[in-house]
Amino acid sequence: MEKIFVNGINICYESIGEGFPLIGLTGKGSNMDWWNPEIKAALSKRNRFIMLDQRGTGRSDAPTEAYDISDMANDVIGLMNALDIEKAHILGQSMGGMIAQELAIENPSRVSKLILCSTTCGVKRIRPSFRMIKWLMRKNYTNTPQDMLDMLYSKAYIEENPDLIDSLVEKMQIAPTNPRSMEIHHNASKNFDSYHRIGQISVPTLIIHGEKDWVFRPKHAKILNRRIPDSKLILFPYAGHGVFSQERHKVLEEIHRFLID
């Protein structure tokens, strides 16, 4: 892992593998420690896979003043500039998918292919699930391991995969996000809305979503698919918000097929 100074802050990143750059963007409150080793190995097999801790997370600086999705997208562009990367594939999960959209809209010449996983063009575009309403009514925006596991997976999946869950909990505790950054990320995600701009996305786009996702209901993915020209949508019937890891073998197959086409 290394740090580089961009947009007035230090961003921590890691680069593994060789080939055309593929930048992976994680969701709210998470960092690059959370990447599943199997997924990292697969994504770096044919590409230079670059991960980063978003501002406010992991080992990157955590400004206390408010910032938004466009600021985090500019951090990615700053990192690309510093690493002399003219163009890259962008893979974004959840809030990372919002950042990925912003990149493709505002910096189309820097994005080759776009992968959007478990994300939305605007959280207010679809009525939230009842479970999400209860979640939002909580007073504190935390990211305890149990909070995050509940968002990602069903109780049954957690019970059936103890080794994977134990490993993820370990990773979550390496460099946890502070409450102020969680609040900023929550507000940045809540205020993001690309609905009227995503028609400008001109790069090949793959959309991946779990049909059991209660954080961003599947209708969010269908809106993305409808409004991004020539995009491809793949829904996984038994997966939730953590579809990337829950269905990692199938998801990785789809990503590989998409990137080599």
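A salt bridge is taken here as a side-chain nitrogen of Lys or Arg within 4 Å of a carboxyl oxygen of Asp or Glu. By that criterion, the structure, which is a predicted model, holds ten salt bridges. A look at the overall fold helps to place some of these pairs.

The secondary structure of the protein consists of eleven helices and eight strands. For 261 residues the globule rule gives 18 Å, and the radius of gyration of the protein, 17 Å, is close to this value, so the protein is as compact as a globular protein of that length. The C-alpha trace spans about 45 × 40 × 35 Å along its principal axes. Of the 261 residues, 56% count as buried. Contacts often reach across the sequence: among those between residues at least 6 apart, 76% join residues at least 24 apart.

Turning to the surface, the protein exposes about 11800 Å², and carbon and sulfur atoms supply 49% of this area. The protein carries 33 positive and 31 negative charges, whose mean positions lie 7 Å apart. Side chains of opposite charge can pair when their charged atoms come close, and three such pairs are described below.

The pair of Asp53 and Arg59 forms a salt bridge with an N to O distance of 3.2 Å. Asp53 counts as buried because its relative accessibility is 0%, below the 20% limit for that class. Arg59, in contrast, is partly exposed, with a relative accessible area of 24%. Both residues also belong to a wider arrangement, as Asp33, Asp53 and Arg59 are linked in a network of salt bridges.

A further salt bridge joins the side chains of Arg197 and Glu106, at 3.0 Å from N to O. Arg197 sits in the loop between helix H8 (179-191) and strand S7 (205-210), whereas Glu106 belongs to helix H3 (residues 95-106), so this pair ties together parts that are 91 residues apart in sequence. Both partners are partly exposed: Arg197 has a relative accessibility of 21%, and Glu106 has one of 46%.

Helix H8 itself contains a pair of a more local kind, Glu183 and Arg180, which are three residues apart and therefore separated by about one helical turn. These two residues form a salt bridge in which the closest N and O atoms are 3.1 Å apart. Glu183 is partly exposed, with a relative accessible area of 32%, and Arg180 likewise counts as partly exposed at 32% relative accessibility.

Technical notes: Residues are numbered from 1 along each chain as its sequence is written. This is a predicted model: local features need pLDDT of at least 70, side-chain atom pairs count only at pLDDT 80 or more; totals for chains, interfaces and linings use all residues. Side-chain values use heavy atoms; hydrogens and water are left out. Helices (H or I, at least four residues) and strands (E, at least two) are DSSP runs, numbered from the N terminus. The radius of gyration is taken over C-alpha atoms; the globule rule is 2.2 Å times the number of residues to the power 0.38. Buried means under 20% relative accessible area, exposed over 50%, partly exposed in between (1.4 Å probe, protein chains only). Contact means heavy atoms within 4.5 Å. Accessible areas come from the Shrake-Rupley method with a 1.4 Å probe; for residues, only the protein chains shown count as cover. Lys and Arg count as positive and Asp and Glu as negative; His and the chain ends are not counted. The place of a charge is taken as NZ of Lys, CZ of Arg, CG of Asp or CD of Glu.
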